[in-house]
Amino acid sequence: MRFNPTSFYLFILLLVLEVIIALFVTHPFIRGFVGDVLVVMLMICALHTFLPNRCYPCIGVAWIFAVAVECVQYTGITQHLTSDHKLLRIILGNTFDVFDLLAYSLGAVVSLVLYKHVTHDYTQLH
């Protein structure tokens, strides 16, 4: 396990963007869709900070986690878990939306394309 400062800085940048969106943006598309695209990218950067040679698994884990949270929202459990905790409600959400699944997938694909473009890694899977 090594520390990847570039991924860490991207994580911080995305975290700041997510906080700005959460606190100041009211537009439903930006808040609901773009925020979900960025949250997957944020998770990927967080994982890639400590697993720099494992970009593809980081993308997969972040996407699976996001989809799993959305599936839990579908069951309605998050409404009970987050009823008294506003921060947890913001982080986990509490309503299932199929467009969230699309946003998570788009975040994963954008991360993959950016990774391949930056590293010129078009052949090897890590």
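**Figure 1. Cysteines in close-up: how open is C71, and what does C55 have for company?** A residue counts as buried when its relative accessible area is under 20%, as exposed when it is over 50%, and as partly exposed in between. With that in hand, look at C71: its relative accessibility is 41%, so this cysteine counts as partly exposed. Keep in mind that what you're looking at here, and in every other view, is a predicted model. Now shift to C55, which is buried, with a relative accessible area of just 4%. The cysteine sulfur closest to that of C55 belongs to C58, 6.4 Å away. A disulfide needs two cysteine sulfur atoms within 2.5 Å, so the C55 and C58 sulfurs are too far apart for a bond. Searching the whole structure turns up 0 disulfides.

**Figure 2. The largest pocket and the helices around it**. This pocket takes up about 970 Å³. Its lining is made of 28 residues, and the ones closest to the centre are D36, V39, I90, I91 and L92. Who builds the wall? Five helices each chip in at least two residues: α1 (5–24), α2 (28–50), α3 (55–75), α5 (86–92) and α6 (98–119). The largest share comes from α2, with 7 residues. Sort the lining by class and you get 15 nonpolar residues, 6 polar ones and 7 charged ones.

**Figure 3. The second largest pocket, with a lining that has no charged residues**. Here the space comes to about 380 Å³. Of the 15 lining residues, S7, L10, C45, L114 and Y115 sit closest to the centre. Helices α1, α2 and α6 are the elements that give two or more residues to this lining. The largest share is that of α6, with 5 residues. By class, there are 9 nonpolar and 6 polar residues, and not a single charged one.

**Figure 4. Y56 meets Y115, an edge-to-face pair**. The structure holds 7 aromatic pairs, and Y56 with Y115 is one of them. To describe a pair of aromatic rings, you give the distance of the centres and the angle of the planes. For Y56 and Y115, that's 5.6 Å centre to centre and 85° between the planes. What parts of the chain does this pair bring together? Y56 belongs to helix α3 and Y115 to helix α6, so the pair links distant parts of the chain, 59 residues apart. How accessible is Y56? Its relative accessibility is 14%, so Y56 counts as buried. Y115 comes out at 14% too, so Y115 also counts as buried.

**Figure 5. Y74 and F96, another edge-to-face pair**. Zoom in on these rings and you'll find 5.0 Å from centre to centre, with 70° between the planes. This pair links distant parts of the chain as well: Y74 is in helix α3, F96 is in the loop between α5 and α6, and they are 22 residues apart. Are these two buried or exposed? Y74 is exposed, with a relative accessible area of 62%, while F96 is partly exposed, at 33%.

**Figure 6. A cluster of aromatic rings**. Which rings belong together here? Ring pairs join F3, F8, Y9, F11 and F50 into a cluster. Try picking out each of these residues in the structure: F8, Y9 and F11 fall within the span of α1 (5–24), and F50 falls within that of α2 (28–50).

Note on methods: Residues are numbered from 1 along each chain as its sequence is written. This is a predicted model: local features need pLDDT of at least 70, side-chain atom pairs count only at pLDDT 80 or more; totals for chains, interfaces and linings use all residues. Side-chain values use heavy atoms; hydrogens and water are left out. On a 1 Å grid over the protein atoms alone, a cavity is a set of points where a 1.4 Å probe fits but cannot get out, and a pocket is an open set with protein on both sides within 12 Å along at least five of seven lines; lining residues have an atom within 4 Å of a point. Grid points are joined across faces, edges and corners, and a volume is the space filled by probe spheres set on the points. Helices (H or I, at least four residues) and strands (E, at least two) are DSSP runs, numbered from the N terminus. Ala, Val, Leu, Ile, Met, Phe, Trp, Tyr, Cys and Pro count as nonpolar, Asp, Glu, Lys and Arg as charged, and the others, Gly among them, as polar. Rings of Phe, Tyr and Trp (its six-membered ring) pair if their centres lie within 6.5 Å; planes under 30 degrees apart count as stacked, over 60 as edge-to-face and the rest as tilted. Buried means under 20% relative accessible area, exposed over 50%, partly exposed in between (1.4 Å probe, protein chains only).
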